[in-house]
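Here are a few exercises to work through with the structure open. Try each task before you read its solution.

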Amino acid sequence: MSLPVPIAQPGPRPGRRLHGRRQGHALKPRAGRLVAELLPRIAVPADGPLDARLLFGDDRPLALEIGFGKGEHLAFQAARAPGTGFIGCEPYLNGVAGLLAAVADQGLANVRIHMGDALDVLERLAPASLATAWLLHPDPWPKARHAKRRFVNPGPLDLLARALAPGGLFRIATDHPLYLRHVLVTMQQRRDFAWTARTPEDWTRVPQDWPDTRFARKARGLGHEIWRLEYRRR
Ligand SMILES: C[S@@+](CC[C@H](N)C(=O)[O-])C[C@H]1O[C@@H](n2cnc3c(N)ncnc32)[C@H](O)[C@@H]1O
């Protein structure tokens, strides 16, 4: 039997709308319990400024994943860096349930979840508070008339640049050629981010701390190439 889970969804904000699915299939009983019981304990507060002390009770470095999907990548990173505080943002309820299961199964004490738009977190984070941010296989919005919905655009990038500490890393993965081109062109125009690639090898070598996500595996299954880009906050 599946449990219907009533969840307060973040409402639309003036001038901004979150696009994409909020829920897929009905949650299984355990997932429903995790959403009802664990999520409120590790949810990012709904409003007010955010920093490591408020979220984790100390001054640890922070990392952010934008659109974590089912959360495997975030759980992987959180398990290998217990001294870092991880903030995951994802509006898709079934994805949030996936990360909650990993948090419970692996006993991860360093994860906080915002079930909603990453921009809501970015605009409240203390300046220069993030050490790392990931944007892995973002929705490509390939049609020109939807291009303004892409995360890699001046408004979201300004917010991210403000929240990232100097030297902080922004990692992007995509299997969509159009999005790749869009990222390369958009990021090239920014003075506040520098591409860390130096040699052609940087295109093909996969860093050990960069595992495939669910979407990466799906893309590989379809025969797509995957591109990984890393930028350093100047
Ligand atoms: C194509 S999926 C990729 C999921 C995951 N990163 C992966 O690689 O398997 C893109 C995800 O980004 C989420 N998303 C889209 N816009 C977002 C936003 N503004 N803030 C947070 N998540 C967002 C979607 O709900 C979706 O789960």
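**Exercise 1.** Find how many residues surround the ligand, and which are the closest.

*Solution.* Count residues with a heavy atom within 4 Å of the ligand. You get 16, and the closest are Gly67, Glu90, Ala118, Leu136 and Thr213. Next, sort the shell by class: seven nonpolar, five polar (Gly counts here) and four charged residues.

A quick note: this is a predicted model, where local features need pLDDT of at least 70, side-chain atom pairs need 80 or more, and totals for chains, interfaces and linings use all residues. Numbering starts from 1 along each chain, and side-chain values use heavy atoms, without hydrogens and water.

**Exercise 2.** Look for N or O atoms within 3.5 Å of N or O atoms of the ligand.

*Solution.* Start with Glu90: a polar side-chain atom sits 2.5 Å from a ligand oxygen. Then try the backbone: a polar atom of Ala118 is 2.9 Å from a ligand nitrogen, and an N or O atom of Leu136 is 2.8 Å from a nitrogen of the ligand. Finally, check the cover: alone, the ligand exposes 600 Å² (Shrake-Rupley, 1.4 Å probe), and the protein buries 88% of that.

**Exercise 3.** Work out how the rings of Phe86 and Trp134 are arranged.

*Solution.* Rings pair when their centres lie within 6.5 Å, and planes under 30 degrees apart count as stacked. Here the centres are 6.1 Å apart with 15 degrees between the planes, so the pair is stacked.

Note on methods:
Near = heavy atom within 4 Å. Polar contact = N/O pair within 3.5 Å; in protein donor to acceptor, adjacent residues only side chain to side chain. Phe/Tyr/Trp six-rings, centres within 6.5 Å; stacked < 30°, edge-to-face > 60°.
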